[in-house]
Amino acid sequence: YFFFTAHKAGGVTTSHLRFGPQPITSTYPISDADYVAVHHPAYISKYPLADQLKDGGSFVVNCAWGSDAAALGPHLPAALKRELARRHARVHVIDAYKISREAGLGGHINGVMQSVFFALSGVMPVDKAIALYKESVKKAYSKKGQAVVDKNLSAIDHALAGLAEVAYPAAEWAAATDEPAPVPAG
């Protein structure tokens, strides 16, 4: 199940993906997600991101804010911190833009974020998933030349090294409050 905003470029896409051993014969939004990934850091303060995360689920943020709670915490709204703590979320960060730029892909982060998904989602053993993903990349980009294939494979190879789990202070985040708005002088 996919939800798209009306914007052609720069719009938001919300993907609800389901996996299982039995055929899936209907589409519907997921209300108890094992995995939520925020691909653009600007979404952190714009949307309710963890309200459909399963207890103990994985929450991933693509950002350059750092990989510990002291660096990440100031960027998260209090409501998101409370929801993550309440749901005992496993919080991860990755700077997918940096990894993609270093691989020569500019802002194309799909390979990095797909690799993170395979590492954290548990849909299949990560080594098998990455190997299959690399084969699909070779097939998909071979017509664009070996250099393009190599850049994509490099991004995949470096993705998991850039992934970090954030050990956040659960009690502190569970009690997080919004900073009061500054009082205008005068």
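# Close-up views of a predicted model

The protein chain in this view has 7 helices and 6 strands. What you are looking at is a predicted model, and the legends below take you through it one region at a time.

**Figure 1. The whole chain, from start to finish.** Following the sequence, the elements come in the order β-β-β-β-α-α-β-α-α-α-α-β-α. Of the 186 residues in the protein chain, 35% are buried. The chain exposes about 11,300 Å², and carbon and sulfur atoms supply 56% of that area. Among contacts with a separation of 6 or more, 59% are made by residues 24 or more positions apart.

**Figure 2. Strand 4 and its parallel partners.** Here we meet strand 4, which spans residues 53-62. Strand 4 is mostly covered, with 7 of its 10 residues buried. How does strand 3 run relative to strand 4, parallel or antiparallel? Strand 3 (residues 33-38) and strand 4 run parallel and are joined by 5 bridges. One pair to look for is Ala33, whose bridge partner in strand 4 is Leu53. Strand 4 also runs parallel to strand 5, again with 5 bridges between the two. Along this pairing, Ser58 has Arg90 of strand 5 as its bridge partner, and Phe59 stands opposite Val91 in strand 5.

**Figure 3. Strand 5, with strand 6 alongside.** Strand 5 covers residues 90-94. How many of its residues are buried? The count is 4 of 5, so strand 5 is mostly covered. Besides its parallel pairing with strand 4, strand 5 pairs with strand 6 (residues 164-166) in the antiparallel sense, over 3 bridges. A handy landmark is His92, which stands opposite Glu165 in strand 6.

**Figure 4. Helix 2 and what it packs against.** Helix 2 takes in residues 78-86. Which of its residues are buried? They are Ala78, Leu80, Lys81, Glu83, Leu84 and Ala85. These buried residues of helix 2 pack against strand 4, strand 5 and helix 7. Just after helix 2, look for His88, which takes a positive phi of about 50 degrees.

**Figure 5. The second largest pocket.** This pocket has a volume of about 180 Å³. Helix 2 (78-86) and helix 7 (170-174) are the elements that give two or more residues to its lining. The lining is made up of Gly73, Pro74, Leu76, Pro77, Ala78, Lys81, Glu172, Trp173, Ala176, Thr177, Asp178 and Glu179. Sorted by class, these residues are 6 nonpolar, 2 polar and 4 charged. Two of the lining residues, Ala78 and Lys81, are also among the buried residues of helix 2.

**Figure 6. Ser115 inside helix 4.** Ser115 lies in helix 4, which runs over residues 110-121. Is Ser115 buried or exposed? Ser115 counts as buried because its relative accessible area is 0%, and the cut-off for buried is under 20%. Leaving out residues up to four places away in sequence, Ser115 touches Ile130, Tyr133, Ile156, Ala159 and Leu160.

**Figure 7. Leu120, further along helix 4.** Leu120 also belongs to helix 4. Its relative accessibility is 17%, so Leu120 counts as buried. Which residues does Leu120 contact, setting aside neighbours within four places in sequence? They are Tyr35, Ser58, Val60, His92 and Leu163. You may recognise two of them from the strand views: Ser58, bridge partner of Arg90, and His92, opposite Glu165. Leu120 and Leu160 are 40 residues apart along the chain, and their C-alpha atoms are separated by 9.9 Å.

**Figure 8. Lys134 in helix 5.** Our last stop is Lys134, found in helix 5 (residues 126-141). Why does Lys134 count as partly exposed? The reason is its relative accessibility of 22%, which falls between the cut-offs of 20% for buried and 50% for exposed. Not counting neighbours within four places in sequence, Lys134 is in contact with Leu153, Ile156 and Asp157. Lys134 and Ile156 are 22 residues apart in sequence, while their C-alpha atoms are 7.8 Å apart in space. Ile156 appeared in Figure 6 too, as one of the residues that Ser115 touches.

Note on methods:
Residues numbered from 1 in each chain as written. Predicted model: local features only at pLDDT ≥ 70, side-chain atom pairs only at ≥ 80, totals over all residues. Heavy atoms only, no water. 1 Å grid on protein atoms, 1.4 Å probe; cavity = no way out; pocket = protein on both sides within 12 Å on 5 of 7 lines; lining within 4 Å. Points joined across faces, edges and corners; volume = space filled by probe spheres on them. Nonpolar A, V, L, I, M, F, W, Y, C, P; charged D, E, K, R; others polar. Buried < 20%, exposed > 50% of the residue type's maximum accessible area, 1.4 Å probe, protein only. Contact = heavy atoms within 4.5 Å. Areas by Shrake-Rupley, 256 points an atom, 1.4 Å probe, with all protein chains shown as cover. Pairing = 2+ DSSP bridges.
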